[in-house]
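Trainee: Could you walk me through this fold? I'd like to quiz you on the sheet, the helices around it and the odd backbone spots.

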Amino acid sequence: MTLAVTAQAASMIREGKEVCSFGAGEPDADTPEFIKEAAINALNEGKTKYTPSSGLIELREAIAEKLLVENNLEYSPVQVAVNCGAKHSCFNALFACCDAGDEVIIPAPYWTSYPEMVRMIGAEPVIIETEEKNDWKITAEEFENAMSPKTKMIIINSPGNPTGSVYSEEELRAIAEVAEGEDILILSDEIYEKLVYDETPHFSIGSISPAVRDLTITVGGFSKAYSMTGWRLGYTAASAEIAKAIDILQSHSTSNATTFAQYGALAALAADQAVIEDMRDEFDVRRQYMLGRLQAISNVSVVEPKGAFYVLVNIGEMGLTSVNFAEKLLSRYEVAVVPGEAFGADKTVRLSYACGLDVIKEGLDRFEKFCREH
Ligand SMILES: *Cc1c(COP(=O)(O)O)cnc(C)c1O
């Protein structure tokens, strides 16, 4: 049903309709030029062969160094695996760690692929609905209550898609304490770590202690921070045992991520990270504008997103399913949003601000009219 809304929006755009799309799941900016140049140079230099299956050792060293300096996470380069996108990293982590019948706890609203991945490997997703008043974050208590003897792992995504929520260090410490007590693995998807806007800085749950680090599979990547979605590069960092399992899994499935793309990632990490500040600042301007506009609409509610590039709008008061809302909004006002059903939250819709401010303004004018008329 979600795909139907996306397909309808695409066909309306092809027909020449002026659709305002809040559907984007990737940054609107191009990949920075110096990163492209590094990949082009790699191609010209004949870097066109296999690398080790877990990636170029130089890149794994650079990732380990980045994790140490920025995230306070100590991993040796052999504990790092470069994968074909952070989506692949999540899949590898689940596949390497979970068996059929294991339960994986997923707070909802969740990134749409998590439950599907869990089912694909024969494990069971256990969905915990979070509350808007808790900024759509799971509490340690809710986590504890969701546990069963079959619980193998919990997935934490901070900053989160679709919520934009950022867990504080304190909240993550409480969650880690529960996980450690029961020996539960933590899949920490930190793909949006560079996109935080508030006083709550990004915190890596694995940095709490060596014991928590060894229970954690830290997932990161290049897609969102450096606008490199099409490059298909992400990484896992994990205990030596899990890293080895991921290496073996990858060597028998995809082998290494694209070689010359890895050289682009190497350049991204080597650069002064100020290069991504402009993009973040631009996102922040849009975020604040959108938040102000949405807060002024009386029959929807929003909590301030502190990271990523999404605003999750609670449409519960309007009495429509999220798909119904999205279909009506699209057909009557030519505005595309993603129905929350895709995220296990049918009383919400997700608006992305990875689009120009002009589109955001026009789209919100129409969105507001739709809500007022309903
Ligand atoms: C975009 C996204 C990813 C995947 O990123 P890729 O590196 O492009 O595979 C992973 N997790 C979340 C929550 C995302 O939104």
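What follows is a set of questions and answers on this predicted model.

Trainee: Let's start with the sheet. In what order do its seven strands sit?

Mentor: The sheet is open and its pairing is mixed. The edge strands, each pairing on one side only, are E2 (80-83) and E4 (124-129). Neighbouring strands are turned by 20° against each other on average, ignoring direction. Reading across, the order is E2-E8-E7-E6-E5-E3-E4.

Trainee: Now strand E3. How many bridges join E3 to E4, and how many pair E3 with E5?

Mentor: E3 covers residues 103-108 and E5 covers residues 151-157, and these two pair in the parallel sense. E3 and E4 run parallel as well. For bridge partners, Ile-105 has Ile-154 in E5, while Ile-106 stands opposite Ile-127 in E4. The counts are six bridges for E3 with E4 and three for E3 with E5.

Trainee: Are the two faces of E3 covered or open, and which residues sit on each?

Mentor: Six of the six residues of E3 are buried, so a face-by-face look is worth it under the under-20% cut-off for "buried". Both faces turn out to be covered. One side has Glu-103, Ile-105 and Pro-107, and the other has Val-104, Ile-106 and Ala-108.

Trainee: On to the helices over the sheet. Which strands does helix H4 lie across, and at what angle does H4 run to E7?

Mentor: For contrast, take helix H3 (residues 57-71) to begin with: H3 lies across E2 and E8 (234-237), running at about 115° to E2. Helix H4 (residues 86-97) lies across E2, E3, E5, E6 (185-189), E7 (216-221) and E8. The angle of H4 to E7 is about 165°.

Trainee: Cys-90 caught my eye. Is Cys-90 buried or exposed, and what is its relative accessible area?

Mentor: Cys-90 belongs to helix H4. Leaving aside neighbours within four places in sequence, Cys-90 is in contact with Tyr-114, Met-117, Leu-187, Asp-189 and Val-219. Thr-112 is 22 residues from Cys-90 in sequence and 12 Å away in space, C-alpha to C-alpha. Cys-90 counts as buried because its relative accessible area is 1%.

Trainee: And Ser-204, which is in a loop: which residues does Ser-204 touch, not counting those up to four places away in sequence?

Mentor: The loop in question runs between E6 and helix H8 (210-215). Despite the loop setting, Ser-204 is buried, with a relative accessible area of 2%. Its contacts are Asn-71, Leu-73 and Glu-190.

Trainee: Now a helix pair. Is H2 parallel, antiparallel, perpendicular or oblique to H10?

Mentor: Helix H2 (residues 33-44) and helix H10 (residues 259-270) pack with their axes 7 Å apart, at an angle of about 140°. Roughly antiparallel would take an angle over 145 degrees. The angle therefore makes H2 oblique to H10.

Trainee: Which residues make that contact, and what is its make-up by class?

Mentor: H2 passes H10 in a right-handed crossing. From H2 come Phe-34, Ile-35, Ala-38, Ala-39, Ala-42 and Leu-43, and from H10 come Phe-260, Tyr-263, Gly-264, Ala-267 and Ala-268. By class, that is 10 nonpolar, one polar and no charged residues.

Trainee: Time for backbone oddities. Where are the cis peptide bonds before Pro-109 and Pro-159, and what is omega in each?

Mentor: Pro-109 is in the loop between E3 and helix H5 (113-120), and its cis bond is to Ala-108. Pro-159 lies in the loop between E5 and helix H7 (169-182), with Ser-158 as its cis partner. Omega is about 0° for Ala-108 and Pro-109, and about -10° for Ser-158 and Pro-159.

Trainee: Last one: what are the phi values of Trp-136 and Glu-334?

Mentor: Trp-136 lies in the loop between E4 and helix H6 (140-146) and is buried, with a relative accessible area of 10%. Glu-334 is in the loop between helix H12 (322-333) and strand E11 (335-336). Neither is a glycine, yet phi is positive in Trp-136 and in Glu-334. The values are about 60° for Trp-136 and near 55° for Glu-334.

How values were computed:
Residues are numbered from 1 along each chain as its sequence is written. This is a predicted model: local features need pLDDT of at least 70, side-chain atom pairs count only at pLDDT 80 or more; totals for chains, interfaces and linings use all residues. Side-chain values use heavy atoms; hydrogens and water are left out. Axes are lines fitted to C-alpha atoms, for helices over the stretch in contact, and angles run from 0 to 180 degrees between N-to-C directions. Angles under 35 degrees count as roughly parallel, over 145 as roughly antiparallel, 65 to 115 as roughly perpendicular and the rest as oblique. A crossing is left-handed if the near helix is turned anticlockwise from the far one by less than a right angle, and right-handed if clockwise. Contact means heavy atoms within 4.5 Å. Ala, Val, Leu, Ile, Met, Phe, Trp, Tyr, Cys and Pro count as nonpolar, Asp, Glu, Lys and Arg as charged, and the others, Gly among them, as polar. Two strands pair if DSSP finds at least two bridges between them. Buried means under 20% relative accessible area, exposed over 50%, partly exposed in between (1.4 Å probe, protein chains only).
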